[in-house]
Amino acid sequence: MESMGDVLRSMNNSALRQRSRDLEHNLLNHPLVKQLQAEHPELDESRLKINLSRLYQYTEEARNCANCPGLERCPNDFQGHYSKLTVETVNGFPDLYERKTACGLKVAQDNQDSIRKRIRSFYVDERVLNGGYDEMDIMGKDPRRASAVNKIFDYITGVKDEGLTSQGIYLHGTFGTGKTFLMCYLLHELAVAGYSGVIVYMPDFIEDLKSIMMDGQKLKETVDTLKNCDLLIFDDIGAENLNPWARDHVLGAILNYRMNRKPTFYTSNYPLDGLEKHLSFTSKDGEEAYKGQRLMDRIAPFVEVIPLHGENQRGRGK
């Protein structure tokens, strides 16, 4: 934005004097300046004249905001902020002070950025997390989903009212019924309430563990993140190709740590008994029923099982 000094320097000498007088007259008679004077009668005209540059900045940025072109094209000196003038008395004399104040658009953007920082995803399409949510749209897609959706709404309300418990949700249903979308909605709503969360797409996560198992520091950081976040979602559990190490030493360690501390959530195409069969089998050791049962003892008692019925929504929006 052009400063008052730039405006004056662009004029020749004779025009400069006239332009300076006109600018001063216009500023002192600007409605915002008159309002400032009315609110602070102790602020005399001589003090205003000393602060003409601040008055110019104040009125110009107010004009820009009144004709806001959007946050990305904000013409003010400090994007997303405007000049706000206050009057303070120092040593018995009133004076003008300027501070930059975030506009509504900037505040909204910062809030959204703060929410996004509370959510991490491993191998989940970010578009699912950032696509926006409309509760009426969620309910209206398929009436058969209403019971499950209402239970998720109730869970969110309960956490907002009473805080987190160790109880999570096991959401299961057929392909494309919107399980991932609903868990992302839950994650977003509770991130708005201040909780941190992680969502992990299990097939890719288990596959990637093979490449990081030799990197002890990266593995520790990943496991610690999943252990300590407020909300953890294992998305599409049961679709991964398990190996004994990933099941027993990674997944088992995470669930063992969280089970009496923080809630864990799951989406799956399997009901619980089907998941137990899946967890009992690995490509290396074959079927080990007791190891599947051991993991299920860290899952089943700590979730509300919610079946999700409905049509395949893929390609049609969730």
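In which sense, and over how many bridges, do strand 6 and strand 7 pair? In this predicted model, strand 6 (residues 231–235) and strand 7 are paired in the parallel sense, and three bridges join them.

## Overall composition

The protein, described here from a predicted model, contains 15 helices and ten strands. Of its 318 residues, 43% are buried, and the area that the protein exposes comes to about 16,800 Å², with carbon and sulfur atoms supplying 49% of it. Among the contacts with a separation of 6 or more, 73% are accounted for by residues 24 or more positions apart.

## Strand 7 and its neighbours

Strand 7 spans residues 264–268, and because five of its five residues are buried, this strand is largely enclosed by the rest of the structure. The cover extends to both faces, with T264, Y266 and S268 buried on one side and F265 and T267 buried on the other.

Within the pairing of strand 6 with strand 7, I233 stands opposite F265. These two strands, together with helix 13 (residues 244–258), make a right-handed β-α-β unit. Strand 7 also pairs with strand 4 (residues 168–173), again in the parallel sense and over three bridges, and here Y266 of strand 7 is the bridge partner of Y170.

## Strand 4 and strand 10

Strand 4 is itself mostly covered, since six of its six residues are buried. G168, Y170 and H172 point one way from strand 4, whereas I169, L171 and G173 point the other way, and all of these residues are buried.

Besides its pairing with strand 7, strand 4 pairs with strand 10 (residues 303–308) in the parallel sense over six bridges. In that pairing, the bridge partner of G168 is V303 of strand 10.

## Nonpolar cores

In soluble globular proteins, nonpolar side chains tend to be buried together. The largest nonpolar core in this model has 30 residues, and V200, L226 and F234 are those with the most contacts inside it. At least two residues of this core come from each of strand 5 (197–201), helix 11 (202–212), helix 12 (216–228), strand 6, helix 13, helix 14 (272–279) and helix 15 (289–296). Apart from this core lies another, of 28 residues, which includes L190, I199, F265 and I306.

For L226, leaving aside residues up to four places away in sequence, the residues touched are F122, V198, V200, F205, L232, F234, I254 and R258.

## L182 in helix 10

L182 is placed in helix 10 (residues 179–192), and L182 counts as buried because its relative accessibility is 0%. The C-alpha atoms of L182 and F153 are separated by 9.8 Å, and these two residues are 29 residues apart along the chain.

## Cysteines

A search of the whole structure finds zero disulfides. The closest cysteine sulfur to that of C65 belongs to C103 and lies 6.2 Å away, which is too far for a bond, so C65 and C103 are not joined in this way. C68 is likewise in no disulfide, the nearest cysteine sulfur being that of C103, at 6.3 Å.

As for solvent exposure, C65 has a relative accessible area of 34% and is therefore partly exposed, and C68, at 44% relative accessibility, also counts as partly exposed.

Methods:
Residues numbered from 1 in each chain as written. Predicted model: local features only at pLDDT ≥ 70, side-chain atom pairs only at ≥ 80, totals over all residues. Heavy atoms only, no water. Buried < 20%, exposed > 50% of the residue type's maximum accessible area, 1.4 Å probe, protein only. Helix = DSSP H or I, 4+ residues; strand = E, 2+ residues; numbered from the N terminus. Pairing = 2+ DSSP bridges. Right-handed = clockwise from strand over helix to strand, strands pointing away. Contact = heavy atoms within 4.5 Å. Areas by Shrake-Rupley, 256 points an atom, 1.4 Å probe, with all protein chains shown as cover. Disulfide = S-S within 2.5 Å. Core = buried A, V, L, I, M, F, W, Y, C linked by side-chain atoms within 4.5 Å.
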